[in-house]
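Work through these short exercises with the structure open beside you. Try each task before reading its solution.

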Amino acid sequence: MAFNSADTAAFKNVWVFCEQRQGVMMPTTFELISEGRKLADELGVELCGILLGDNVDGIANELGGYGADKVYVYNSPLLKDFTTDAYTKVIVEAVEEFKPEVLVFGASNIGRDLAPRCAARLHTGLCADCTHLDIDMPNYKGFLKEVSTLPEERIEKLGTVMINREPHSVERDLKMTRPAFGGHLMASIICPRFRPAMATVRPGVMKKREYDAAKAAAVEILHPAFELSAEDIKTEVVEVVKAAKKMVDLIGADFIVSVGRGISKDVEKGIALAEELAEVLGGVVGSSRACVDSGWISADHQVGQTGKTVHPKVYVALGISGAIQHKAGMQDSECIIAVNKNENAPIFEVADYGIVGDLFKVVPLLIESIKAAKEAK
Amino acid sequence: MKIMVTVKQVPDTSGKVAVNPDGTLDRASMQTIINPDDMNAVEAALALKDELGCKVIAFTMGPPPAEGMLRELMAMGVDEGVLITAREFGGSDTFATSQIIAAGIDTYGVEEDDIILAGRQAIDGDTAQVGPQIAEKLNLPQITYAGDIKKEGNTLTVKRMLEDGYMTVKVNTPCMITCIKELNNPRYLSVGGAFECYSKPLVTMTYETLKDHPLIDKSTIGLAGSPTNILTSFTPPQKGAGMMLDGDGKETTDKLAGILAGKHII
């Protein structure tokens, strides 16, 4: 039967694109599998991973440990390094064969290259950089009540929408929520008329579930036949270079001490203070976009809309004014501490604890106080 | 050889952003700018023009005032502008937008030695989807996140940035490359350019111009042709006010450390 993305009833199951680089699974994949499990349970269907690479069977089982029922593995030397052409061809043909109703990717530099290309070829909708996904309507309504200022009666009425002058029930649609306009607005997007509903999901946002070794052992690994030749690939990967410097692991950190424009008076000292405080807390150093743009710190430290989204136990903002783009990346931290000279800085709007003062004065004192408090324990 | 650059006029979300009571953006009250990543794409095109003497054409889809942006780009050195504008195109999502812009580019004509450049993403939606989707509709290879572009004959060598390093990728023209801010520093418009910009050609493509193109169909463009729909939009939550500690001395930091220890946070 010919593939028809508008024949929505023919599609079933939730799929996650499992991104690996150099044979190592990207951590975001486990977040997506964990979230995918929730969606599959809400739909009452299977959760499947789709894994492309060269000889990558060895990393497929682990996906089961986070909730996958099945993993479709496509091995080929031509899939060793990511190319848009090869990956798009294999994924599109797999979707045409197995017809998943939901397909999610991590919003990495690779996922954001691949997913739009696949969606365009499949003639379906794609929502970029999602921070929240729902199927179940009561859950979705609960989410809106918690995070939006929409009136409750308007939330309760959600259920049927007019799509091209036809009423359409959104009960089984994937509700894809994402920030827009630099985080000033949130929007929930649906893909009502086509399948699969596709989304890229922001790394670090979805919570990883507890690893289940028994489920990992039980996952079903499948190797469907596929066709791919060198002629299908119009780009040539000459080399893949890993950054020499170890990248800072902001997403996995429990404590983050971030610096902003407030360190401009003495950049070196400002960063050194942040590093010292981070060390005392057992965390890492983050930064606002301003510091990255000024060349004071490398881009892997950047928190915010164009950087990373983090939710550590403690986020300390030093000399960060708190532009909405920055807040979008850190406001879900469990505890936020802000130090800023300007008492009207917007960062204080999201801070649990605020100190108005010069970070060069406050931070050395704070380091002493925290050291003492820890020793007293 | 020619270079076609896709550009977008966007509300400046780095400044003050006004939201209407119904949760939509109050665009009327906001400044518009040329999308920042698109400026890097324009600069890359102009740098290649300086080197090779090729023609640079800027394409945009938007309401008629977007002409002002095209004139500004002409003052920087862009040779021609194409404004794609029609009521029928309104309400398009990324899929439908890419259908229309691809139809516009294809109507203008893509030749063997042409390059299409785009910004990685626009700051209003931050989707990064339209570049790759135009490439798909034109059946061209793509390289996204370009941090460096070198051209030798009809082969481009691109440093394609990753979160943990980069890839070096080669591709032959014609192709689509999306550009990031690390690629270059956009030039300013020149005084001479500002005088010349109104005498440069500007082509307007309407629904009438494009309606016979195979990519253009009422079922694939505009709101009705968009696979995605907005279910609801709202302003993000504001956290409740926290505790402002008095002073900036040792007593204050001791107090804070005490609270954190008391809550077993540290």
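**Exercise 1.** Leaving aside neighbours within four places in sequence, which residues is A:Ala199 in contact with?

*Solution.* Keep in mind that this is a predicted model. Start at A:Ala199 and skip its neighbours within four places in sequence. Next, look for C-beta atoms within 7 Å. The contacts of A:Ala199 are A:Val104, A:Leu126, A:Cys127, A:Cys130, A:Leu133, A:Leu174 and A:Met176.

**Exercise 2.** Place A:Ala199 in the largest nonpolar core.

*Solution.* This core has 133 residues. A:Ala199 is one of the members that touch the most others. So are B:Val5, B:Val42, B:Ile100, B:Leu117 and B:Ile177. Now ask which element gives the largest share: helix H3 (residues 94-108) of chain B, with seven residues. Another core, of 49 residues, lies apart; A:Ala253, A:Val356, A:Leu359 and A:Leu366 are among its members.

**Exercise 3.** Trace the open sheet of ten strands and find its edges.

*Solution.* Read the order: E15(A)-E9(B)-E8(B)-E7(B)-E10(B)-E6(B)-E1(B)-E4(B)-E5(B)-E11(B). The pairing is mixed. Now check the ends. Strand E15 (235-242) of chain A and strand E11 (202-205) of chain B each pair on one side only. On average, neighbouring strands are turned by 30 degrees against each other, direction ignored.

**Exercise 4.** How do strands E1 and E6 of chain B pair, and what packs on the sheet?

*Solution.* First, the pair. E1 (residues 2-7) and E6 (residues 115-119) of chain B run in the parallel sense, over four bridges. B:Thr6 stands opposite B:Ala118 in E6(B). Then the helix. H3(B) packs on the sheet and touches E1, E4, E5, E6 and E11 of chain B. Its direction makes about 150 degrees with that of E4(B).

Notes. Residues are numbered from 1 along each chain as its sequence is written. Chains are lettered from A and ligands numbered from 1 in the order in which they are written. This is a predicted model: local features need pLDDT of at least 70, side-chain atom pairs count only at pLDDT 80 or more; totals for chains, interfaces and linings use all residues. A nonpolar core is a set of buried Ala, Val, Leu, Ile, Met, Phe, Trp, Tyr and Cys residues joined through C-beta atoms within 7 Å. A residue is buried if 20 or more other C-beta atoms lie within 10 Å of its own, exposed if 12 or fewer, and partly exposed in between; C-beta atoms are placed from the backbone. Helices (H or I, at least four residues) and strands (E, at least two) are DSSP runs, numbered from the N terminus. Two residues are in contact if their C-beta atoms, placed from the backbone, lie within 7 Å. Two strands pair if DSSP finds at least two bridges between them. Axes are lines fitted to C-alpha atoms, for helices over the stretch in contact, and angles run from 0 to 180 degrees between N-to-C directions.
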